[in-house]
Amino acid sequence: ELLSKSAITHLEVTGNSLQCDGAATLVNTLTTQDIALKSLLLADNGIDAHDTGKDRGPYLCAKIIRRWLTCTQYLELCDLRDNEIGDLAAREIMDGLTDRKTAGLKSIQFLVTCRMDANIYKTIVSLGKKSGKGSGKKKKRKKK
């Protein structure tokens with residue numbers, strides 16, 4: 001209820017040991033509310049297989065993140081660095097970013113730690129790159 005009545009645009013919970021269950025609950029809440037969140041920083045929260053002793057924890061969390069990625073219009077940045085999410089969860093994130101692209105939603109800068117399959121990592125990085133206007137790169141002018 002707090003989130004639905006607020007104008008939160010940036011949420012940083014870096015280093016809070018949310019683990020898989022806490023992160024999944026937070027993102028699920030974001031999915032069910034219409035919040036104009038532009039950035040979600042979940043870095044270093046123990047979102048890995050170590051918190052439950054099961055490999056499925058990060059995967060189930062990533063499935064919820066994927067669902068959120070496909071419905072949020074406002075998000076510009078999501079940071080999951082320093083969480084060892086593994087290949088299964090990373091593939092869900094990759095598929096969520098691909099779903100966004102297919103749906104015509106704007107790209108999201110999605111930050112992850114490279115401890116996953118190299119091809120999945122590269123795809124996440126490339127899908128998360130900003131494109132078009134405001135990319136920060138200036139074109140060089142030709143001298144006359």
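These exercises walk through one predicted protein model, each with a worked solution.

Residues are numbered from 1 along each chain as its sequence is written. Because the model is predicted, local features need pLDDT of at least 70 and side-chain atom pairs count only at pLDDT 80 or more, while totals for chains, interfaces and linings use all residues; side-chain values use heavy atoms, with hydrogens and water left out.

**Exercise 1. The chain as a whole**

Task: Find how many helices and strands the protein chain has, and in what order they run.

Solution:
- Start with the terms. Helices (H or I, at least four residues) and strands (E, at least two) are DSSP runs, numbered from the N terminus.
- Count them. The protein chain has four helices and four strands.
- Read from the N terminus. The order is β-α-β-α-β-α-β-α.
- Turn to burial. A residue is buried under 20% relative accessible area, exposed over 50%, and partly exposed in between (1.4 Å probe, protein chains only).
- Apply this to the chain. It has 144 residues, and 36% of them count as buried.
- Add the surface. Accessible areas come from the Shrake-Rupley method with a 1.4 Å probe, and for residues only the protein chains shown count as cover. The protein chain exposes about 9100 Å², with 48% supplied by carbon and sulfur atoms.
- Finish with contacts, meaning heavy atoms within 4.5 Å. Take those between residues at least 6 apart in sequence: 82% join residues at least 24 apart.

**Exercise 2. The sheet**

Task: Work out the strand order of the sheet and name its edge strands.

Solution:
- Two strands pair if DSSP finds at least two bridges between them.
- Four strands form an open sheet, ordered β1-β2-β3-β4, with parallel pairing.
- β1 and β4 are the edge strands, since each pairs on one side only.
- From one strand to the next, the twist averages 5 degrees. Axes are lines fitted to C-alpha atoms, for helices over the stretch in contact, and angles run from 0 to 180 degrees between N-to-C directions.
- Now look at one pair. β3 and β4 are joined in the parallel sense over three bridges.
- One bridge can be named: Asp79 has Leu111 in β4 as its partner.

**Exercise 3. The two sides of α4**

Task: Decide why the buried residues of α4 line one face of the helix.

Solution:
- List the buried residues. In α4 (residues 118–127) they are Ile120, Ile124 and Leu127.
- Look down the axis. These buried residues fall within an arc of 75 degrees, so they line one face of α4. The arc is that of the directions from the helix axis to the C-beta atoms.
- Recall the general rule. An α-helix has 3.6 residues a turn, so residues three or four places apart point the same way.
- Check the other side of α4. Asn119 and Lys122 are exposed there.
- Find the cover. It includes α3 (86–103) and β4 (109–111).
- Inspect the N-terminal end. Asp117 caps α4 there, with a side-chain oxygen 3.0 Å from the backbone nitrogen of Asn119.

**Exercise 4. Arg100 and Thr31**

Task: State whether Arg100 is buried or exposed, then do likewise for Thr31.

Solution:
- Place Arg100. It is found in helix α3.
- Its relative accessible area is 2%, so Arg100 is buried.
- List its contacts, leaving aside neighbours within four places in sequence. They are Leu69, Thr70, Thr72, Leu75, Leu105, Lys106 and Ile108.
- Take Leu69. It is 31 residues from Arg100 in sequence, yet the C-alpha atoms are 6.8 Å apart.
- Place Thr31. It lies in helix α1 (residues 19–32).
- Thr31 has 18% relative accessibility, so it counts as buried.
- Beyond residues up to four places away in sequence, Thr31 touches Ile64, Arg67, Trp68 and Cys71.

**Exercise 5. Leu18, Gln19 and Asp82**

Task: Locate Leu18, then find the phi values of Gln19 and Asp82.

Solution:
- Leu18 is in the loop between β1 (10–12) and α1.
- At 27% relative accessibility, Leu18 counts as partly exposed.
- Leu18 is in contact with residues including Val13, Ala23 and Leu42.
- Leu18 and Leu42 are 24 residues apart along the chain, with C-alpha atoms separated by 8.6 Å.
- Gln19 is in helix α1. Its phi is near 60 degrees, a positive value in a residue other than glycine.
- Asp82 lies in the loop between β3 (77–79) and α3. Its phi is positive too, about 60 degrees, although Asp82 is not a glycine.
- Compare accessibility. Gln19, at 34%, counts as partly exposed; Asp82, at 53%, counts as exposed.

Definitions and conventions:
A polar contact is a pair of N or O atoms within 3.5 Å; within protein, one must be able to donate a hydrogen and the other to accept it, and residues adjacent in sequence count only if both atoms are side-chain atoms.
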